[in-house]
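Welcome, and thanks for taking a look at this one with me. Below are some numbered notes to read alongside the structure, taken one region at a time.

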Amino acid sequence: MDFTDVSLTALRVLRAVAEQGTFTAAAASLGYTQSAVSRQIAAIERAAGTELLERRRDGARLTPAGRVVMRRVTVVLDEIAATARDLSGLPEQAGTVRLGWVPSAGAVLLPRALADLRESDPGLEVVGREGGTPALVRALRAGSLDLALLASAPPFRAPDAESPPLALQTLTERPLRLALPATHPLARGEYVDVADLRGQRWIAGSSSGEDRLMGVWPGLDERPEIVHTARDWLAKLHLVAAGCGLTTLPASLVSAVPPGVRVLPVRGGPQEQRRLLLARLPAPPTQAVTRVAAALRAAALDAHTPLPSA
């Protein structure tokens, strides 16, 4: 086992595969070919003398040895980034926290928390990105995020089966809502009966994978007619306002709906609750992570106000 010749490129590729979950996605994120990614992984596994990634039908996951290496990889790459900042003459930060968030958290809660942090901790830097819950969980495990805001739906299982379990805290638990055009016949009442959702046209999530049905009311006993797909919440809501279809809406986004959209509860089916979770690895957090977590909890409490019916 000899790690002295392992390149920084190989370290970055290993982190990208662990974070993205597949060789193909890692290659796309880095701008490499898939064969280049495979060569880098093969090189670092030769240096380690063991497999660092478990190749599975649903992607690639770190092996126990891979998790050991990844802890060190994260430290090395963070130190390289810090050196680059020092050399460029940037002022030293009081702390940097890498935060990931699901789209529904990025619209209202996250801006409020970051605005508060700028007032209370002006030297603290929060960097990060938006993503889906599975990708954010992988990023936490890979060590490229310190905190993540995750979405959870019934039956509220753990976000992954890896060990040790992530440290989780529920920030909000609120009902799913239905967004529909203000001119739609179903918008005239104070709620929508689930039976009336049969035969409706839907604006859903991305065009493939599990996200495809995000935006369709859960549990409908028919194959839904999806007329538009969009990842961006604002785009979906403006499509609703234009009369193009219906979509589901996390309660946290009710305050962000544009004119022409009515938001109503749905009755007659199972209660559709949605949780927003704050997640991190179980190791003791740094003071900077603790301060960011506290700001997110405070923003969640501030946002927890009674929902309007429209």
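**Notes for a first look**

1. A good place to begin is the annotated stretch: the unreviewed UniProt entry carries the annotation "domain: HTH lysR-type", and that annotation covers residues 6-63. Please keep in mind throughout that this is a predicted model. Across residues 6-63, helix makes up 62% of the chain and strand 14%, while the C-alpha atoms at the two ends are 19 Å apart.

2. Helix α1 (residues 8-20) is a handy reference, and its first partner here is helix α2 (residues 23-30). The two pack at an angle of about 120°, and their axes are 8 Å apart. α1 and α2 are therefore oblique to each other, since an angle between 115 and 145 degrees falls outside the perpendicular and antiparallel ranges. Their crossing is right-handed. On the α1 side, the contact uses Arg12, Val13, Ala16, Val17 and Gln20, which meet Phe23, Ala25, Ala26, Ser29 and Leu30 of α2. Sorted by class, the contact of α1 with α2 has seven nonpolar residues, two polar and one charged.

3. Next, look at α1 against helix α3 (residues 34-48). The angle between α1 and α3 is about 105°, with the axes 9 Å apart. That makes the pair roughly perpendicular to each other. Thr9, Ala10, Leu11, Val13, Leu14 and Val17 supply the α1 side of the contact, and Val37, Gln40, Ile41 and Ile44 supply the α3 side. The residues of the contact of α1 with α3 divide into eight nonpolar and two polar, with no charged ones.

4. Within α3, is Ile41 buried or exposed? Ile41 counts as buried, because its relative accessibility is 0%. Leaving out residues up to four places away in sequence, Ile41 touches Val13, Leu14, Val17, Phe23, Leu53 and Arg55. Ile41 and Leu11 are 30 residues apart along the chain, yet their C-alpha atoms are separated by 8.7 Å.

5. A further partner of α1 comes from well along the chain. The axes of α1 and helix α7 (residues 133-142) come within 7 Å and cross at roughly 140°. These two helices are therefore oblique to each other. Arg15, Ala18, Glu19 and Gln20 of α1 meet Ala135, Arg138, Ala139 and Ala142 of α7. By class, the contact of α1 with α7 has four nonpolar, one polar and three charged residues.

6. How many of the residues of α7 are buried? Eight of its 10 residues are, so to speak, under cover, and α7 is mostly covered. The buried residues in α7 are Thr133, Leu136, Val137, Arg138, Ala139, Leu140, Arg141 and Ala142. Just after α7 comes Gly143, which takes a positive phi of about 85°.

7. Now for the loop between β5 (147-152) and β6, where Pro155 is found. Pro154 and Pro155 are joined by a cis peptide bond with omega at about 10°. Pro164 also lies in the loop between β5 and β6, and a cis peptide bond joins Ser163 to Pro164, with omega at about 0°.

8. Phe156 is another residue to check in the loop between β5 and β6. Although Phe156 is not a glycine, it has a positive phi of about 55°. With a relative accessible area of 22%, Phe156 is partly exposed.

9. Strand β6 (residues 167-175) holds Thr170. Thr170 counts as partly exposed because its relative accessibility is 40%. Beyond its neighbours within four places in sequence, Thr170 is in contact with Arg275, Leu276 and Leu277. Thr170 and Ser152 are 18 residues apart in sequence, with 9.5 Å between their C-alpha atoms.

10. Finally, have a look at helix α5 (residues 103-107), where Ser104 lies. Ser104 is buried, with a relative accessible area of 14%. Which residues is Ser104 in contact with, leaving aside its neighbours within four places in sequence? They are Trp233, Pro250, Ser252 and Leu253.

Terms used
Residues numbered from 1 in each chain as written. Predicted model: local features only at pLDDT ≥ 70, side-chain atom pairs only at ≥ 80, totals over all residues. Heavy atoms only, no water. Axes fitted to C-alpha atoms, helices over the stretch in contact; angles between N-to-C directions. Helix = DSSP H or I, 4+ residues; strand = E, 2+ residues; numbered from the N terminus. Parallel < 35°, antiparallel > 145°, perpendicular 65-115°, else oblique. Contact = heavy atoms within 4.5 Å. Nonpolar A, V, L, I, M, F, W, Y, C, P; charged D, E, K, R; others polar. Left-handed = near helix turned anticlockwise from the far one by under 90°. UniProt positions renumbered as here; feature names shortened; annotations may be inferred. Buried < 20%, exposed > 50% of the residue type's maximum accessible area, 1.4 Å probe, protein only.
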